[in-house]
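Dear colleague,

I am passing on the structure below, together with some notes on how a few of its helices pack. Please read the notes with the structure open beside them.

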Amino acid sequence: MAHLLRTSFVAGSSPSLRRRPFLQLPFHPRRRSLQPHATIREIFMPALSSTMTEGKIVSWIKTEGDKLAKGESVVVVESDKADMDVETFYDGYLAAIMVDEGGVAPVGSAIAFLAETEDEISEAKSRAANVSSGSPPSAPPPEKIPENVGAAAAPVAAAKPASVVVASTHPASEGGKRIVASPYAKKLAKELNVELGAVLGTGPSGRIVAKDVEAAASAAVLKSDAARSVSAPGSSVQPPPSLELGTTVPFSTMQGAVSRNMVESLAVPTFRVGYTITTDALDAIYKKIKSKGVTMTALLAKATALALAKHPIVNSSCRDGKSFTYNSSINIAVAVAIDGGLITPVLQDADKVDIYSLSRKWKELVDKARAKQLQPQEYNTGTFTLSNLGMFGVDRFDAILPPGTGAIMAVGASIPTVVGTKDGRIGKKNQMQVNVTADHRVIYGSDLATFLQTLAKIIEDPKGLTQ
């Protein structure tokens with residue numbers, strides 16, 4: 001992380017004021033030969049992961065010509081898994097924006113210029129035009145019309161947004177002339193076609209936040225559904241209007257990352273081992289403590305972590321094909337489907353955290369994942385992965401091994417099953433199927449077999465999960 005010391009953007013000190021994690025953007029100071037003390041910084045698209053080749057600008061929080069103070073959020077950059085708020089490390093002026101909102105730029109390419117003084121803005125604009133055209137500008141660069149970052153223009157054919165009366169005005173709104181909303185609320189408004197000018201802000205001093213946009217979008221949907229039901233009673237359900245059959249849709253940033261990871265996993269020799277586990281005792285204890293906020297995901301993660309503590313080889317990983325690492329922590333990553341992709345929030349040190357704290361942490365991680373607010377350490381530090389489709393009634397499936405980990409366990413539904421008892425009678429038990437996919441370079445069949453035996457004992461006698 002040493003390279004982050006030479007950047008134009010760093011983390012702020014008040015994370016509660018941000019809706020997304022932030023990131024530091026690299027820059028290279030360029031000094032003018034005639035004024036050695038003046039500095040214009042060329043801001044580059046950062047590499048948010050080792051596999052990232054390009055990045056997308058979600059939104060510019062500041063516009064060209066805005067004066068910046070150290071620590072202010074300037075731009076939101078989309079990573080593979082989250083949107084990153086970027087804050088300036090220097091006082092100065094956002095002189096020229098080279099990549100507009102929604103634009104994509106290769107890692108390392110310039111996305112904006114930061115001028116140290118107001119007098120340098122014109123020179124920074126000239127440099128931006130020069131970089132864009134590839135040749136010295138013959139005339140002053142055209143003046144960029146500042147975007148209205150408060151309200152997104154709706155598509156011509158889009159449904160009319162919900163009409164909500166604004167009841168409060170933020171102090172920074174200049175008497176209502178400027179819409180004040182969080183960066184994520186602005187992005188969400190564009191995605192859901194909600195006019196921010198008609199949204200009631202419930203945040204601090206009337207600031208519009210994400211839940212306000214979601215409420216407005218829901219109201220619009222209900223109104224639209226009611227209109228359709230009146231105009232076409234008894235009509236059959238129609239496919240989503242936004243889905244055009246026969247069209248080709250490019251991958252989103254997250255889908256591209258998932259695709260690359262899945263292809264990379266094909267290079268790892270894997271094998272699979274399945275096991276049947278009786279869940280009657282686990283189901284019973286879950287019913288007792290569910291009212292205290294405990295989730296089944298947290299119980300399964302805790303049971304898995306305790307089993308891994310006794311079988312460290314299953315928690316190991318091989319990254320270079322020449323050696324493997326016994327990971328010092330047991331971090332359970334759990335696959336979560338979100339809009340437009342898949343992410344694996346991580347329950348760190350799951351073997352050491354009590355079940356109640358683990359459940360609270362899991363709820364927090366899921367909320368952040370669906371809002372694209374996870375920080376990198378919250379989704380890329382897993383040492384073992386769980387993928388659970390049991391809630392959909394799936395009885396068994398195989399999961400693909402994530403690169404850089406040793407094993408992943410696919411969990412099916414707990415299903416009432418007729419079984420033979422020890423005394424020779426026929427009985428009924430709730431049972432679930434688990435299938436583990438593992439890296440065969442490090443983990444062998446006997447390793448998985450003994451791990452699954454231990455896991456079954458923990459789940460079938462789960463008293464230790466609540467201690």
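**Helix packing and a cavity**

Helix α6 passes α8 in a right-handed crossing. Please keep in mind throughout that this is a predicted model. The axes of α6 and α8 come within 9 Å and cross at roughly 135°, and that angle makes α6 oblique to α8. On the α6 side the contact is formed by L300, A303, T304, L306, A307, L308 and K310, and these meet F451, T454, L455, I458 and I459 of α8. Sorted by class, the residues of this contact are 9 nonpolar, 2 polar and 1 charged.

Helix α6 also packs against α7, which covers residues 355-370, at an angle of about 120° and with the two axes 9 Å apart. Helix α6 is therefore oblique to α7, and their crossing is right-handed. Here α6 contributes T297, A298, L299 and K302, while α7 contributes I355, L358, S359 and W362; the contact of α6 with α7 divides into 5 nonpolar, 2 polar and 1 charged residues.

A further partner of α6 is α5, made up of residues 280-289, and the axes of these two helices come within 11 Å and cross at roughly 130°. Helices α5 and α6 are therefore oblique to each other, and α5 passes α6 in a right-handed crossing. The residues that meet are L282, D283, Y286 and I289 in α5 and M296, L299 and L300 in α6. By class, the contact of α5 with α6 holds 6 nonpolar residues, no polar ones and 1 charged residue.

Turning to internal space, the structure holds 2 cavities of 30 Å³ or more, and the second largest cavity has a volume of about 30 Å³. Which residues line the second largest cavity? The lining is made up of L300, T304, M409, V411, M432, L455 and I459, and the elements that give two or more residues to it are α6 (296-310), β17 (407-411) and α8 (445-460). This lining has 6 nonpolar residues, 1 polar residue and no charged residues.

When you look at this cavity, it may help to return to the contact of α6 with α8, since L300 and T304 of α6 and L455 and I459 of α8 are among the residues of that contact and are also among those lining the second largest cavity. L300 appears once more in the contact with α5, where L300 is one of the α6 residues involved.

With best wishes

Technical notes. Residues numbered from 1 in each chain as written. Predicted model: local features only at pLDDT ≥ 70, side-chain atom pairs only at ≥ 80, totals over all residues. Heavy atoms only, no water. 1 Å grid on protein atoms, 1.4 Å probe; cavity = no way out; pocket = protein on both sides within 12 Å on 5 of 7 lines; lining within 4 Å. Points joined across faces, edges and corners; volume = space filled by probe spheres on them. Helix = DSSP H or I, 4+ residues; strand = E, 2+ residues; numbered from the N terminus. Nonpolar A, V, L, I, M, F, W, Y, C, P; charged D, E, K, R; others polar. Axes fitted to C-alpha atoms, helices over the stretch in contact; angles between N-to-C directions. Parallel < 35°, antiparallel > 145°, perpendicular 65-115°, else oblique. Left-handed = near helix turned anticlockwise from the far one by under 90°. Contact = heavy atoms within 4.5 Å.
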